[in-house]
Amino acid sequence: MSTLELLFESLKNTPGLLGISLSTVNNFVRLAAILKTAILLRQVRTWNAAVAPAILPPHILSFIAGRLSLSETTVRALWDSLNQEIWSREGAVLDDGMVPPSTLDALSSKFWLCERMLFPTTQVCTNSQCINPEGLLRWKEEPKKVVLFTMADGVQEGLAVSLHCHKCKTVYFPNYSARDEIRQYYGGVPAFIQVSDHSYVEHHVLEHFAMLSVLSWTSATNAAHIYHESLSKLERSQRNEPRFRLRTEHVWDGFVALALLRDAELHATILQVPHGGIQKNRYTDAMRLRNERIRRSGQPEYAHWCTKCHRRFDQPDGTTKYVDCLITDGISIGRPCCGVAHCTGELRTPRDHWCDAHQEQARWCVIVGCAEERRQDHRTCAHHAAVEDHYDATGKAMFTLRTRLQRAQVSHPTDAVSPDAPIDNDIEVEILDNGATVECPEKPETGIRTARGKFGRNFTHNEQLLVRPCGMIQGRETFFGSETVPQVVDMLKKKHLMPGSMPRIVCYDNNCGLYKWCAAHAYEGEALHLKVGLPVDVFHWTCKHKKSDIECSVHCNPHMFPDIISPDGKTWYFNTSAAEQTNVWFGGYHAIVHEMSADKYDFFLDEMILRKNKLTRAKLEDEDCFPGYNEDLQFATTDVSS
């Protein structure tokens, strides 16, 4: 027999409880356990939280009696007999036979109690600077009515309780404490995460949304639609009420808060954000800190090791050597950036054309190569007015309407790019010999007679990924303006600053160009090509370059690297197409991130990579590839300088 059944047997002859059923006792225990914190916080400040009160507070007594349709005498008798059992329970939940109404009924509104109450995780002050932290916290105000977006029960109404310390004035909310305009979250991930003043989303729902983004490129807008249509469980009369609708900003704020809380838990830190200000800016500084740490230190799988990306060689002297491989490749997705080539300055908003350092560029004509000031309320100078007229005309043309239609019908719709967002076009206009189209003093009389107008915003050129042959993504870098060999070399060195972290083999679709550039800059101390093997793909070697090309035929010849060739001598040991395969997945986020700010863009992509890596690691474990982490690994020392 269960503990509750044993207790029930002992209650059969208790005065006031004659004839009571087991289900009634079970419902009472569950409901009283749910209200345990509310009961505790109605005791005197010096009450010992480990001791069950002998008497229920009057309003809680009346609420339980009303909810269970029992007399108050019966509730008192049940509490007298079962208070110790109730006080020892943690995390009580309702059973199927006791589901409360989805909205707060008259009983809940009368007593400010319900079955879904959110309390702070602590009942005593935890401020280290408090002069008298002992004693129970006090209710700051009446509980706040909130909407809970749950996974199993859909949209529900509940109550959120805030407490305060009368000494240090710290206010404790369900997710965090607030003092001196600083919001400090409690450790771990709460069951419900606050996304607005009156809205909380269950963390299981947010995890579900994050997984949808990883596996099917689901945007925040589409995630909100999915919840409303398939998980909300709203009655027809409730479906159009704004307070019961999960909004795009709720999904995004919940996604960010969940990711930051997971990150803080992983690194044994506490998440702190401003308590005041605008909600959309609340997490910006915390996002920047994580973005910068990942940019400098890489993903958590930076030191990944498995049998798919490391090859073991047992030496005759009994020692063991390893050869590892890393692939890098670019994918053309990006975000708005400064219009000055290769400028990494941050824009104030994604709609801006210039960063703060280059705002003076707004004075000049948008025609490439023109040094004239633009006309007032126009974007071109007097010489190029015809080009702007042509641009304005194309904005009303059928092909622009067709572009908007195509954008509205993309395979991965997004909350960031709407069909009404501006079309960022760069146009070219031919200069006729008689000057009828445009007179351009910057153009020579002969040669190219085309004026190129850059009316749209600039976007980052590509994301350069670092991928292991097993599919584990080690890191990424945003390239501005173009993907060049010097940028790739700089990225490889910056991402592998720790001694011994540089991979033994790097596969890149322009390794011969990379080797040639490094060799040409050897006089400046460049030695990457002497430390890392840089083989070219077999197709590239046989079809793209002449055999007289010394980089391809000698230094980057794949046959010069027997350690990465399979025993049959015909194929690579490593999957050198891993980066291209990863790019297929990564490219699915193009529409989602296209209009994001720099902070949001980096944070979102880093989180997607982190979660993708977790799935990859689980797959490698299932395939018995023994994924782990390099701690003090000794690499093979085959000479790659010849």
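**Cavities, cysteines and a mixed sheet**

Six cavities of 30 Å³ or more are held in the structure. The model is a predicted one. Empty space of this kind shows up when a probe the size of a water molecule is rolled over the atoms.

Start with the largest cavity. Its volume is about 130 Å³. The lining is made by 15 residues, and the closest to the centre are Ser213, Ala220, Val251, Phe255 and Phe604. Three elements give two or more residues each to this lining: helix H7 (203-216), helix H8 (220-231) and helix H9 (248-266). H7 supplies the largest share, with four residues. By class, 11 of the lining residues are nonpolar, three are polar and one is charged.

Where does the largest cavity lie with respect to domain 2 and domain 3? Residues of domain 2 (99-281) contribute to the lining, and so do residues of domain 3 (297-335 + 462-629). The largest cavity therefore lies between the two domains.

Turn next to the cysteines. A disulfide is a covalent bond that links the sulfur atoms of two cysteines. A search of the whole structure finds zero of them. Take Cys165. Its nearest cysteine sulfur belongs to Cys130 and is 3.7 Å away. The cut-off for a disulfide is 2.5 Å, and Cys165 is in none. Cys165 is also buried, with a relative accessible area of 3%.

Cys518 is a second case. The nearest cysteine sulfur to Cys518 is that of Cys556, 9.7 Å away. Cys518, too, is in no disulfide. Its relative accessible area is 0%, and Cys518 counts as buried.

Last comes a sheet. It is open, has five strands and follows the order S1-S4-S3-S10-S9. The pairing is mixed. Which strands stand at the edges? They are strand S1 (117-118) and strand S9 (192-196). Each has a single partner strand, so one side of S1 and one side of S9 are left without a neighbour in the sheet.

Look closer at the S1 edge. S1 is joined to strand S4 (residues 155-160) by two bridges. S1 and S4 run parallel. In this pairing, Met117 stands opposite Leu159 of S4.

In short, the largest cavity lies between domain 2 and domain 3. Cys165 is buried, and Cys518 is buried. Neither Cys165 nor Cys518 is in a disulfide. The five-stranded sheet is open, with S1 and S9 at its edges.

Notes:
Residues are numbered from 1 along each chain as its sequence is written. This is a predicted model: local features need pLDDT of at least 70, side-chain atom pairs count only at pLDDT 80 or more; totals for chains, interfaces and linings use all residues. Side-chain values use heavy atoms; hydrogens and water are left out. On a 1 Å grid over the protein atoms alone, a cavity is a set of points where a 1.4 Å probe fits but cannot get out, and a pocket is an open set with protein on both sides within 12 Å along at least five of seven lines; lining residues have an atom within 4 Å of a point. Grid points are joined across faces, edges and corners, and a volume is the space filled by probe spheres set on the points. Ala, Val, Leu, Ile, Met, Phe, Trp, Tyr, Cys and Pro count as nonpolar, Asp, Glu, Lys and Arg as charged, and the others, Gly among them, as polar. Domain bounds come from an automatic or database domain assignment. Buried means under 20% relative accessible area, exposed over 50%, partly exposed in between (1.4 Å probe, protein chains only). Two strands pair if DSSP finds at least two bridges between them.
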